[in-house]
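Here are some short exercises, each with a worked solution to follow at your own pace. Have the viewer ready and try each task before reading on.

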Protein chains: 2
Amino acid sequence: MDNKKSKKDLELSQRREFFKKTAALGVTALGGTTLLASQDDPAIMHHVPWGQKWGDPVTKNLYGIPSAYEHNNIRRTTKLLASGNYRASIAVTPIHESEGIITPNGLFFSRSHGGTAHVDPNEYRLMIHGLVKKPIVLTLKQLKRYPSITRTHFIECPANGGQEWRGPQFNSLQFAKGFMASAEWTGVYIKTILEDLGLKPEARWMLAEGSDNSEMGRSVPVEKVLDDAMIVWGQNGEALRPEQGYPVRLLLPGWEGNLCVKWLKRLEFASEPWYAKEETSKYTALKPDGKAIQHFYANEVNSTVVSPSPEIPWTDLKDGDVVEIEGLAWSGMGTITNVDLSFDGGKNYVKANLKGLVLPKSWTRWSYMHRYKKGEVLLLTSRSMDDAGYIQPSIDEEVSVMGVESVYHRNGIETWEVTAKGEVNHVQIRS
Amino acid sequence: MDNKKSKKDLELSQRREFFKKTAALGVTALGGTTLLASQDDPAIMHHVPWGQKWGDPVTKNLYGIPSAYEHNNIRRTTKLLASGNYRASIAVTPIHESEGIITPNGLFFSRSHGGTAHVDPNEYRLMIHGLVKKPIVLTLKQLKRYPSITRTHFIECPANGGQEWRGPQFNSLQFAKGFMASAEWTGVYIKTILEDLGLKPEARWMLAEGSDNSEMGRSVPVEKVLDDAMIVWGQNGEALRPEQGYPVRLLLPGWEGNLCVKWLKRLEFASEPWYAKEETSKYTALKPDGKAIQHFYANEVNSTVVSPSPEIPWTDLKDGDVVEIEGLAWSGMGTITNVDLSFDGGKNYVKANLKGLVLPKSWTRWSYMHRYKKGEVLLLTSRSMDDAGYIQPSIDEEVSVMGVESVYHRNGIETWEVTAKGEVNHVQIRS
């Protein structure tokens with residue numbers, strides 16, 4: 001306890017240090033590159049109506065909601081997405097409005113095959129059976145008794161950007177890249193449960209099956225299960241939302257979103273995969289030779305410029321303004337190690353800065369400070385790399401391997417054209 | 001580019017590795033300590049109504065809401081808290097339901113001095129003036145042009161637990177410790193703005209003033225401003241909520257919540273503090289000698305057991321069940337380095353495990369696996385330490401310095417009594 005300080009020490013030292021340090025601070029030399037202080041059109045301070053009346057009581061929303069002024073920050077859908085069935089469809093995340101590496105639960109993208117089920121947590125059961133020594137049926141309370149872990153990971157639909165193999169369909173970041181979102185997940189590693197139940201040596205595959213009307217089923221190699229597969233009940237500090245599989249979903253960090261089965265009811269272990277409906281009719285990647293890639297799981301290294309974007313133009317910038325170009329990078333196979341930014345559609349690149357937390361299989365923010373030249377025309381594109389050794393391909397490189405018939409696993413670099421007026425358009429650069 | 005792999009490499013190697021690794025997996029020996037698999041009252045799988053009908057379409061809630069079954073996971077208030085004025089009051093976070101280190105925005109504790117203001121972001125202005133070379137008035141759009149940063153920090157009201165200097169008032173974790181919450185904040189360091197505006201050498205203090213009807217004003221030493229003070233507009237990936245100061249609040253990581261002025265309208269730099277109403281009538285700590293500590297800012301090292309707690313009893317545990325004791329630790333002065341757990345009210349301690357991300361001035365999760373003995377009576381208490389060298393005091397140690405007349409900065413260890421039936425009560429252990 002020698003190096004520990006008491007509460008009294010703290011109080012005294014806080015006050016002493018405080019006066020000492022503030023007295024010395026005046027000599028600090030500041031100043032540097034001008035960012036904004038040269039504004040030639042200063043805004044005016046004025047009397048504001050909200051300062052002249054009582055605000056709402058704390059009892060108004062005991063579960064809070066966004067400001068009414070944020071009504072445009074919502075998930076969106078369109079007939080061009082998914083199946084055309086308005087229940088079995090997708091609502092995409094407004095990633096142009098995103099900050100940091102957490103997506104609020106209310107904005108987390110949603111995709112289902114039979115609509116959003118509403119599960120009664122008291123009736124909920126999870127069965128784990130097949131090639132395990134001790135099969136079990138768990139209530140939610142029993143499941144939560146296993147030692148929990150919390151990890152930050154993105155979930156991405158493998159169809160993210162999949163409408164655009166032949167060229168841009170959406171002049172929108174939300175629709176072009178919003179089939180993904182990121183959260184802090186809480187649950188239990190399946191390997192922890194398997195230590196308890198005992199996995200039989202001949203087990204090679206796990207079937208995960210949902211309890212909604214689509215009974216979504218996917219086969220998962222046991223290797224992934226024993227690596228980092230989780231059963232999760234918590235998302236950003238509260239229970240999963242209904243659209244995310246309340247009360248329990250599977251999470252396979254970095255792998256296709258459809259594998260992260262929602263409203264999870266059953267895990268079965270076996271020696272062969274199941275070839276269920278959703279892993280034969282869908283979620284396979286058709287190649288130019290007519291064959292399809294079937295066992296294709298991890299979302300590959302990817303990135304996008306978030307600001308500017310079609311939704312966040314530069315039309316209000318003045319000549320010489322300094323502006324932050326910001327983006328996201330992510331890889332289902334590891335940690336982002338580098339992001340490059342190009343102003344000419346991918347001919348030349350500069351190195352961007354990674355910002356904030358850089359975590360495995362997680363969104364990573366990056367940025368680059370740019371001095372805007374009024375009238376300049378740019379072709380902005382980003383390219384990311386991960387610690388598994390992969391680099392995001394050009395569209396040409398990707399199409400040369402995959403053709404344009406696939407829907408899934410598009411991760412070629414995307415380009416925003418910044419026009420002379422500062423508008424931003426989604427374009428495709430081919431050689 | 002030599003060490004980079006192409007998309008084609010990836011596809012091939014993924015498939016090759018996949019088959020190779022899954023073929024080898026069968027030999028992995030599993031098994032270990034039994035956690036749950038010995039359940040003697042297995043739950044039964046049954047037909048569930050939600051699997052037999054269509055779910056909701058994705059368009060139902062384009063900004064999502066929690067499951068209706070989670071209606072009890074809300075902020076709460078009581079007349080015993082704060083001023084008795086239902087507008088200028090506090091609603092506390094249900095931290096017994098918390099997971100990880102993110103609090104959803106809808107559950108982030110709320111305290112205001114004149115109710116929740118509703119600010120029009122188009123009319124919003126921030127003035128920065130006084131001892132700066134280039135005073136400025138910024139619109140929200142202009143403010144957001146500064147290079148942004150994202151950091152995860154808790155905010156805690158210094159009155160957290162302040163009703164209980166004389167002993168427990170609340171048999172509830174939410175009311176005893178819920179005057180705090182944690183989020184991922186996005187904004188700009190004030191030092192970045194000051195590099196642009198130029199701070200004059202004689203500046204020692206910054207006044208932060210809110211634009212709500214209470215015009216909350218607090219003086220902040222310039223030392224803290226130049227260290228890590230932020231102006232924030234983003235909380236957990238979206239705009240601040242109205243209760244948190246939408247569109248802009250001050251964030252002083254680790255310092256009292258009331259200093260993190262909401263609906264921020266003005267920062268003024270001067271050579272002396274202001275001694276504003278809320279830093280003389282309130283937020284000072286009265287000591288036994290009748291004098292009060294005035295410049296007392298950082299929330300000191302603290303911790304609590306979250307599970308079990310009065311809201312999360314052990315009444316359903318059976319003899320021999322293994323259960324995770326989980327808690328939170330936090331310090332406004334640095335990073336948590338250690339948490340100890342006692343089963344006898346603080347006489348003997350064992351070391352708990354820190355879980356997940358351990359970040360400075362941030363909530364830190366900890367846990368300890370315990371084998372429950374039916375009928376055991378426990379006095380559970382936790383004690384945390386930080387890298388600034390502080391250790392959480394006992395109640396006796398704290399009261400010997402501070403007496404019991406203060407409201408603020410209580411961080412003495414708290415005790416939960418686990419009864420023979422598994423009920424959990426808030427008690428106070430004094431020598």
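**Exercise 1.** In which sense do S9(B) and strand S10 of chain B pair, and over how many bridges?

*Solution.* A word on the ground rules: this is a predicted model, where local features need pLDDT of at least 70, side-chain atom pairs count only at pLDDT 80 or more, and totals for chains, interfaces and linings use all residues. Residues are numbered from 1 along each chain as its sequence is written, while chains are lettered from A and ligands numbered from 1 in the order in which they are written.

Step 1: locate S10(B) at residues 238-239; strands are DSSP runs (E, at least two residues), numbered from the N terminus.
Step 2: the two strands pair (DSSP finds at least two bridges between them), here in the antiparallel sense over two bridges.
Step 3: one partnership is Gly234(B) with Ala239(B).
Step 4: two residues lie between the strands of this hairpin, and Asn236(B) takes a positive phi near 50°.

**Exercise 2.** Find the bridges that join S6(B) and S11(B) to S9(B).

*Solution.* Step 1: S6(B), residues 180-189, runs antiparallel to S9(B), with five bridges; Thr186(B) has Gly234(B) as its bridge partner.
Step 2: S11(B), residues 249-251, is antiparallel to S9(B) over three bridges, and Leu250(B) stands opposite Ile231(B).

**Exercise 3.** How many residues of S9(B) are buried?

*Solution.* Step 1: apply the cut-off (buried means 20 or more other C-beta atoms within 10 Å of the residue's own, with C-beta atoms placed from the backbone).
Step 2: for S9(B), residues 230-235, six of six pass, leaving the strand mostly covered.

Definitions and conventions: A residue is buried if 20 or more other C-beta atoms lie within 10 Å of its own, exposed if 12 or fewer, and partly exposed in between; C-beta atoms are placed from the backbone. Helices (H or I, at least four residues) and strands (E, at least two) are DSSP runs, numbered from the N terminus.
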